[in-house]
Protein chains: 2
Amino acid sequence: MHKIDILMEKDIMEANRRIAEENRKMLADHNVRAFDILGSIGSGKTTLIEKLSIMLREKGIRSGAIAGDVAGDDDYRRFKQNDMPAVNINTGKECHLDAHLVEHAIEKLPLDDIDILFIENVGNLVCPGDFLLGSEKRIVVISATEGEDMVRKHPLIFANCDFAVLNKIDLAGYMDVNPKNVVEDFRKINPHKKMFLTDAKHGEGLKELMKELI
Amino acid sequence: MHKIDILMEKDIMEANRRIAEENRKMLADHNVRAFDILGSIGSGKTTLIEKLSIMLREKGIRSGAIAGDVAGDDDYRRFKQNDMPAVNINTGKECHLDAHLVEHAIEKLPLDDIDILFIENVGNLVCPGDFLLGSEKRIVVISATEGEDMVRKHPLIFANCDFAVLNKIDLAGYMDVNPKNVVEDFRKINPHKKMFLTDAKHGEGLKELMKELI
């Protein structure tokens, strides 16, 4: 049973990696830079993307989004209201996006009208880490309201990201969370990457973050 | 490929259900009532369990805990500091507890010294829903800091729970979340079950919740 499990997993992972590579090429052909945004429910991924999109627009950089959720289209509608080309993906019972789902979403996007593509993954800090989607970088977003132990509890996803964001820092004091300790935990796991401190709702820390995208 | 997938899933689910049933019997033999606590990272599951445990102790009811996490022992240590019999389960790369992991944890607990067992699942609102553990009831905990759309985004887990908790309501106003709308969404999906409003950190709403456990 375990042997079959491992073989199956290898097959699925290899198929995913192959499609992710195709996605990457397709995006590169259209000069689109894609960012996979990973993070738990309510970490503020959608707000962060909305705010960054507005700031990028002011610089003449056009962004689009893929909204990944188990069910519903709340995030998708927010992106559309923000005048962003967007596609909604409902995974049903699946806890993560995979390259195949993203491939179909990319087909529906007007790639030549997009410079930066945000791929908002399903809200979950575990499973999405295993599935490459074809993005240029992976950004993990956590929120100060999730508690100080978030990085320690999820070392793998932080080890494999290109940079991380600690959002909702306006609430850190109220939640008894010291952002320094979270950054310290992150540095232990991923010493060469940055963790940005943001309060996306009120626009704090977003300029520094935007510089990483352009 | 899909056929094998489905067969595999069926096998795994059936094996899990069988072990969950054994867990349920084992707990019943020792007069332990178990509650599976599901919810995303940082929804406040650990604080809720800690506070309820203290309140139960004042009534002469002894509680223990299983702390499920991908990595680390932060929650486990909190339970031990709170003088609760507790076992830590690290799932490694798995995004949920399963009945087999819980079976081994139960073996390590002094069941005759426990009246109520809290099984704190891995922080994730998707995958844990599929795996019964042998608990009497399943409680889904979400936090007002996660946004107003949480129930709409995860209908399955709310449809299959025995009751739900909207925690951190002290932050609802700040987060532009109207608890009434969240409760309304929950009622649409699961009309015969209750959603409790709590602020576990400051003890709000816990008495009503405790009544459901005893």
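The legends below describe close-up views of a predicted model with chains A and B.

**View 1. The fold of chain A as a whole.**
In this predicted model, chain A is built from eight helices and seven strands. Its radius of gyration is 17 Å, close to the 17 Å that the globule rule gives for 214 residues, so chain A is as compact as a globular protein of that length. Taken along the principal axes, the C-alpha atoms of chain A fill a box of roughly 50 × 45 × 35 Å. Of the 214 residues of chain A, 48% count as buried, and among the contacts in chain A with a separation of 6 or more, 75% join residues that are 24 or more positions apart.

**View 2. The relation between the two copies.**
A turn of 180°, with a shift of 0.0 Å along the axis, lays chain B on chain A with an RMSD of 0.0 Å. The two copies are thus related as by a two-fold rotation axis. Within chain B, the C-alpha nearest this axis belongs to B:Asn124, which lies 2.9 Å from it. The same surface serves both copies, in that 100% of the contact residues of chain B recur in chain A.

**View 3. The side of chain B that touches chain A.**
The contact draws 27 residues from chain B and 27 residues from chain A. On the chain B side, α5 (150–153) and α6 (155–159) each supply at least two residues, and the largest share, three residues, comes from α5(B). By character, the residues of the side of chain B that touches chain A divide into twelve nonpolar, eight polar and seven charged.

**View 4. The surroundings of Ile119 in the nonpolar core.**
The largest nonpolar core holds 127 residues, and of these A:Ile119 and B:Ile119 touch the most other members. When residues up to four places away in sequence are left out, B:Ile119 touches B:Ala34, B:Phe35, B:Asp36 and B:Ile37, together with B:Ile66, B:Leu97, B:Val102, B:Leu133 and B:Ser135. One of these partners, B:Ser135, also appears in the next view.

**View 5. B:Ala28 in helix α1 of chain B.**
B:Ala28 is found in helix α1 of chain B, which covers residues 2–29. With 13 other C-beta atoms within 10 Å, B:Ala28 is partly exposed. Although B:Ala28 and B:Ser135 are 107 residues apart in sequence, the distance between their C-alpha atoms is 9.8 Å.

**View 6. Helix α2 in chains A and B.**
In chain B, helix α2 (residues 45–58) has 14 residues and reaches 20 Å from its first C-alpha to its last, close to the 20 Å expected at 1.5 Å a residue. The buried residues of α2(B) are B:Lys45, B:Thr46, B:Leu48, B:Ile49, B:Glu50, B:Lys51, B:Leu52 and B:Ser53. Just after α2(B), B:Gly60 takes a positive phi of about 80°. In chain A, helix α2 (residues 45–58) likewise has 14 residues and reaches 20 Å from its first C-alpha to its last, and the residues buried in α2(A) include A:Leu48, A:Ile49 and A:Leu52 as well as the charged A:Lys45, A:Glu50 and A:Lys51. Just after α2(A), A:Gly60 takes a positive phi of about 80°.

**View 7. The loop of chain B that holds B:Asp83.**
B:Asp83 is found in the loop between α3 (74–81) and β3 (86–90) of chain B. B:Asp83 is exposed, with 11 other C-beta atoms within 10 Å. The C-alpha atoms of B:Asp83 and B:Ile54, which are 29 residues apart along the chain, are separated by 9.5 Å.

**View 8. Two loop residues of chain A with a positive phi.**
Most residues other than glycine have a negative phi. A:Asn31, although it is not a glycine, has a positive phi of about 55°, and this residue is found in the loop between α1 (2–29) and β1 (33–39) of chain A. With 10 C-beta neighbours inside 10 Å, A:Asn31 counts as exposed. A:Asp176 is not a glycine either and has a positive phi of about 55°, and its place is in the loop between β6 (163–167) and α7 (179–189) of chain A. A:Asp176 is exposed, with 10 other C-beta atoms within 10 Å.

Note on methods. Residues are numbered from 1 along each chain as its sequence is written. Chains are lettered from A and ligands numbered from 1 in the order in which they are written. This is a predicted model: local features need pLDDT of at least 70, side-chain atom pairs count only at pLDDT 80 or more; totals for chains, interfaces and linings use all residues. A nonpolar core is a set of buried Ala, Val, Leu, Ile, Met, Phe, Trp, Tyr and Cys residues joined through C-beta atoms within 7 Å. A residue is buried if 20 or more other C-beta atoms lie within 10 Å of its own, exposed if 12 or fewer, and partly exposed in between; C-beta atoms are placed from the backbone. Two residues are in contact if their C-beta atoms, placed from the backbone, lie within 7 Å. Copies are superposed by least squares on the C-alpha atoms of residues with pLDDT of at least 70 in both. Helices (H or I, at least four residues) and strands (E, at least two) are DSSP runs, numbered from the N terminus. The radius of gyration is taken over C-alpha atoms; the globule rule is 2.2 Å times the number of residues to the power 0.38. The expected span of a helix is 1.5 Å times one less than its number of residues.
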